[in-house]
Amino acid sequence: DSREDIESYCGSPENFLEHGFGICLMQNGDIVSETYAPYVTTRNFELATFTKETHRGHGYATKTCAHFIQICRERGLEPYWSCDADNLASVS
């Protein structure tokens, strides 16, 4: 579901697979929420997340982000979060 965003961030899915990584939360065989790092440095990663509109409001993005941050910290990376000021869900 984030293919267009990943391509705009990374140029291509291949560049993302070479330089980024991510996880997803599945329910009944469908991806309902995904969290990924399109930008990774030697110390930090930019965090991006997306939840299907029909599954929003259940805390899925919070769960995938928390798990992803734990994975990244185990790799010695610290998160960097940015968002549009009018994206209230992301701001909170």
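In these exercises, two residues are in contact when heavy atoms of theirs lie within 4.5 Å. Please keep in mind that the model is a predicted one. Have the structure open as you go, and try each task before reading its solution.

**Exercise 1. The surroundings of G22**

Find the element that holds G22, decide whether G22 is buried, partly exposed or exposed, and list its contacts beyond four places in sequence.

Solution.
- Step 1: Start with the element. G22 belongs to strand β1, which covers residues 21–27.
- Step 2: Turn to accessibility. The relative accessibility of G22 is 42%, so this glycine counts as partly exposed.
- Step 3: Collect the contacts. With neighbours within four places in sequence left out, G22 touches F16, T35, Y36 and F68.
- Step 4: Compare sequence with space for one pair. A37 is 15 residues from G22 along the chain, while their C-alpha atoms are 6.0 Å apart.

**Exercise 2. Three strands and two hairpins**

Work out how β1, β2 and β3 are joined, starting from the pairing of β1 with β2 and going on to that of β2 with β3.

Solution.
- Step 1: Take the β1 and β2 pair. β2 runs over residues 30–40, and its pairing with β1 is antiparallel, with 7 bridges.
- Step 2: Pick out individual positions. M26 faces I31 of β2, and L25 has S33 of β2 as its bridge partner.
- Step 3: Move across to β3, residues 44–51. β2 and β3 are also antiparallel partners, here over 6 bridges.
- Step 4: Follow S33 onward. In β3, S33 is bridged to T51, and in the other direction S33 is the partner of L25.
- Step 5: Look at the connections. The β1 and β2 hairpin has 2 residues between its strands, whereas 3 residues link β2 to β3 in their hairpin.

**Exercise 3. A backbone angle in the turn**

Which sign does phi of N28 have, and is N28 buried or exposed?

Solution.
- Step 1: Locate the residue. N28 sits in the loop that separates β1 from β2.
- Step 2: Read the angle. Phi of N28 is near 55°, which is positive although the residue is not a glycine.
- Step 3: Check accessibility. N28 reaches 78% relative accessibility and therefore counts as exposed.

**Exercise 4. Two cysteines, but are they bonded?**

Explain why C65 and C72 are bonded or unbonded, using the distance between their sulfurs.

Solution.
- Step 1: Recall the cut-off. A disulfide needs two cysteine sulfur atoms within 2.5 Å.
- Step 2: Apply the cut-off to C65. Its closest cysteine sulfur is that of C72, and because the gap is 10 Å, the two are too far apart for a bond.
- Step 3: Repeat from the other side. C72 takes part in no disulfide, its nearest cysteine sulfur being that of C65, 10 Å away.
- Step 4: Widen the view. Searching the whole structure gives 0 disulfides.
- Step 5: Add the accessibilities. C65 has a relative accessible area of 9% and is buried; C72, at 0%, is buried as well.

**Exercise 5. Charged side chains**

How many salt bridges are there, which residues form a salt bridge with an N to O distance of 3.1 Å, and what is the nearest side chain of opposite charge to E46?

Solution.
- Step 1: Set the limit. A side-chain nitrogen of Lys or Arg must lie within 4 Å of a carboxyl oxygen of Asp or Glu.
- Step 2: Count. The total is 1 salt bridge.
- Step 3: Identify the partners. R73 and E78 make a salt bridge, with 3.1 Å between the closest N and O atoms. The two side chains also make a polar contact at 3.1 Å.
- Step 4: Place R73. This arginine is in helix α3, residues 60–74, and beyond four places in sequence R73 contacts E78 and P79.
- Step 5: Check how accessible the partners are. R73 is partly exposed at 47%, and E78 is partly exposed at 36%.
- Step 6: Turn to E46 in strand β3. E46 is buried but has no salt bridge, and R43, the nearest side chain of opposite charge, is 14 Å away.
- Step 7: See what surrounds E46. Its contacts beyond four places in sequence are Y36, A37, P38, Y39, Y80 and S82.

Key. Residues are numbered from 1 along each chain as its sequence is written. This is a predicted model: local features need pLDDT of at least 70, side-chain atom pairs count only at pLDDT 80 or more; totals for chains, interfaces and linings use all residues. Side-chain values use heavy atoms; hydrogens and water are left out. Two strands pair if DSSP finds at least two bridges between them. Helices (H or I, at least four residues) and strands (E, at least two) are DSSP runs, numbered from the N terminus. Buried means under 20% relative accessible area, exposed over 50%, partly exposed in between (1.4 Å probe, protein chains only). Lys and Arg count as positive and Asp and Glu as negative; His and the chain ends are not counted. A polar contact is a pair of N or O atoms within 3.5 Å; within protein, one must be able to donate a hydrogen and the other to accept it, and residues adjacent in sequence count only if both atoms are side-chain atoms.
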